Amino acid sequence: MIQLFLAATLGAMLVILILLFRTPLRKLVIMGLDRLKRGRGPLVVKTVGGVLFAMMSITVYNIVDIQRRPIEAINPTDQILLARNMLEASFMGFLLFLSLMIDRLHYYIRELEKLRKTMDAAKKQNRGMDDTKSDGSDGLKVLGDEISSLKTKVKQLESECETTEKEAKAAEANVVALNGQSEGLLMENDRLLEENQKFRNQLQSIDQNLSHSDNKKNT
């Protein structure tokens with residue numbers, strides 16, 4: 001029985017050493033512990049631990065019972081049993097303590113891995129945010145350049161509109177002036193036509209008078 005406890009204790013110590021250092025065996029041990037904690041594994045481990053604790057309690061009770069006896073009543077056989085029980089109780093207590101250490105180490109290693117994954121994800125997210133910020137700043141610069149170019153174009157268009165408006169007003173004034181000149185020319189043309197008509201009428205009357213005077217002379 002002592003050989004079994006010794007082998008189990010040495011095995012637990014070896015597992016703890018493997019868990020303490022980052023080696024390829026560490027991943028295998030962690031995978032084995034993960035599988036052990038799934039399904040019925042925890043129930044089996046608790047049952048074994050309970051049995052071992054009960055055996056340690058019985059062994060400690062036997063040790064206390066032997067130690068309570070008078071020294072005269074303790075024979076060599078009792079002394080051998082006392083030493084054996086003390087060794088077994090020590091091995092069982094140490095094995096329970098090492099089992100608890102293995103369980104806590106496995107738990108903290110898993111929590112540390114989760115924390116590292118979370119930190120890596122946060123770092124990636126921060127990098128993505130920094131990239132988007134840089135992209136956003138570049139985009140803002142491009143938009144600022146486009147806005148400034150558009151403002152200059154708007155100013156040019158406004159100046160062109162002002163010049164075209166001035167030209168349109170000048171052309172309108174010219175049209176008004178030309179309309180006034182055309183109206184004056186039409187009035188002058190009408191006057192000249194009237195005078196020409198008067199002159200024609202006067203000429204016709206003169207011709208008629210001359211023709212009447214010629215006819216009288218002939219008669």
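A salt bridge is taken here as a side-chain nitrogen of Lys or Arg lying within 4 Å of a carboxyl oxygen of Asp or Glu. In this predicted model, the structure holds five such salt bridges, and three of them are set out in the table below.

| Salt bridge | N to O distance |
|---|---|
| Asp-103 and Lys-37 | 2.8 Å |
| Arg-104 and Asp-103 | 3.2 Å |
| Glu-113 and Arg-110 | 2.7 Å |

**Salt bridges around helix 4**

The pair formed by Asp-103 and Lys-37 joins parts of the chain that are 66 residues apart in sequence, because Asp-103 belongs to helix 4 (residues 76-218) whereas Lys-37 sits in the loop between helix 2 (24-36) and helix 3 (41-68). Asp-103 is partly exposed, its relative accessible area being 27%, and Lys-37 is likewise partly exposed, at 37% relative accessibility. The side chain of Asp-103 also meets that of Arg-104 in a salt bridge, and Arg-104, with a relative accessible area of 35%, is again partly exposed.

Further along helix 4, Glu-113 and Arg-110 are three residues apart, which corresponds to about one turn of the helix, and their closest N and O atoms are 2.7 Å apart. Glu-113 counts as partly exposed at 27% relative accessibility, and Arg-110 is partly exposed with a relative accessible area of 27%. Through salt bridges that share partners, Asp-34, Arg-110 and Glu-113 are joined into one network.

**The packing of helix 1 and helix 2**

Helix 1 and helix 2 pack at an angle of about 120°, their axes lying 8 Å apart, and the crossing of these two helices is left-handed. On the side of helix 1, the contact is made by Val-15, Ile-18 and Leu-19, while helix 2 contributes Leu-25, Arg-26, Val-29, Ile-30 and Leu-33.

**A nonpolar patch on the surface**

Which residues make the nonpolar surface patch of about 530 Å²? The patch is made by Leu-6, Leu-10, Met-13, Phe-94, Phe-97 and Met-101, and the elements that give two or more residues to it are helix 1 (2-20) and helix 4. One of these residues, Phe-97, is found in helix 4 and counts as partly exposed at 47% relative accessibility. Membership of such a patch requires over 30% relative accessible area, so the value of 47% for Phe-97 satisfies that cut-off.

**Single residues in helix 3 and helix 4**

Pro-42 has its place in helix 3 and is partly exposed, with a relative accessible area of 29%. When its neighbours within four places in sequence are left aside, Pro-42 is in contact with Leu-36 and Lys-37, and Lys-37 is also the residue whose side chain meets that of Asp-103 in a salt bridge.

Is Thr-164, in helix 4, buried, partly exposed or exposed? With a relative accessible area of 45%, Thr-164 is partly exposed, since this class covers values between the 20% limit for buried residues and the 50% limit for exposed ones. How far apart in space are Thr-164 and Leu-100, C-alpha to C-alpha? The two residues are separated by 64 residues in sequence, and the distance between their C-alpha atoms is 93 Å.

Note on methods:
Residues are numbered from 1 along each chain as its sequence is written. This is a predicted model: local features need pLDDT of at least 70, side-chain atom pairs count only at pLDDT 80 or more; totals for chains, interfaces and linings use all residues. Side-chain values use heavy atoms; hydrogens and water are left out. Helices (H or I, at least four residues) and strands (E, at least two) are DSSP runs, numbered from the N terminus. Buried means under 20% relative accessible area, exposed over 50%, partly exposed in between (1.4 Å probe, protein chains only). Patches are made of residues with over 30% relative accessible area and no salt bridge: like charges are joined within 9 Å, nonpolar side chains (Val, Leu, Ile, Met, Phe, Trp, Tyr) within 5 Å. Accessible areas come from the Shrake-Rupley method with a 1.4 Å probe; for residues, only the protein chains shown count as cover. Axes are lines fitted to C-alpha atoms, for helices over the stretch in contact, and angles run from 0 to 180 degrees between N-to-C directions. A crossing is left-handed if the near helix is turned anticlockwise from the far one by less than a right angle, and right-handed if clockwise. Contact means heavy atoms within 4.5 Å.
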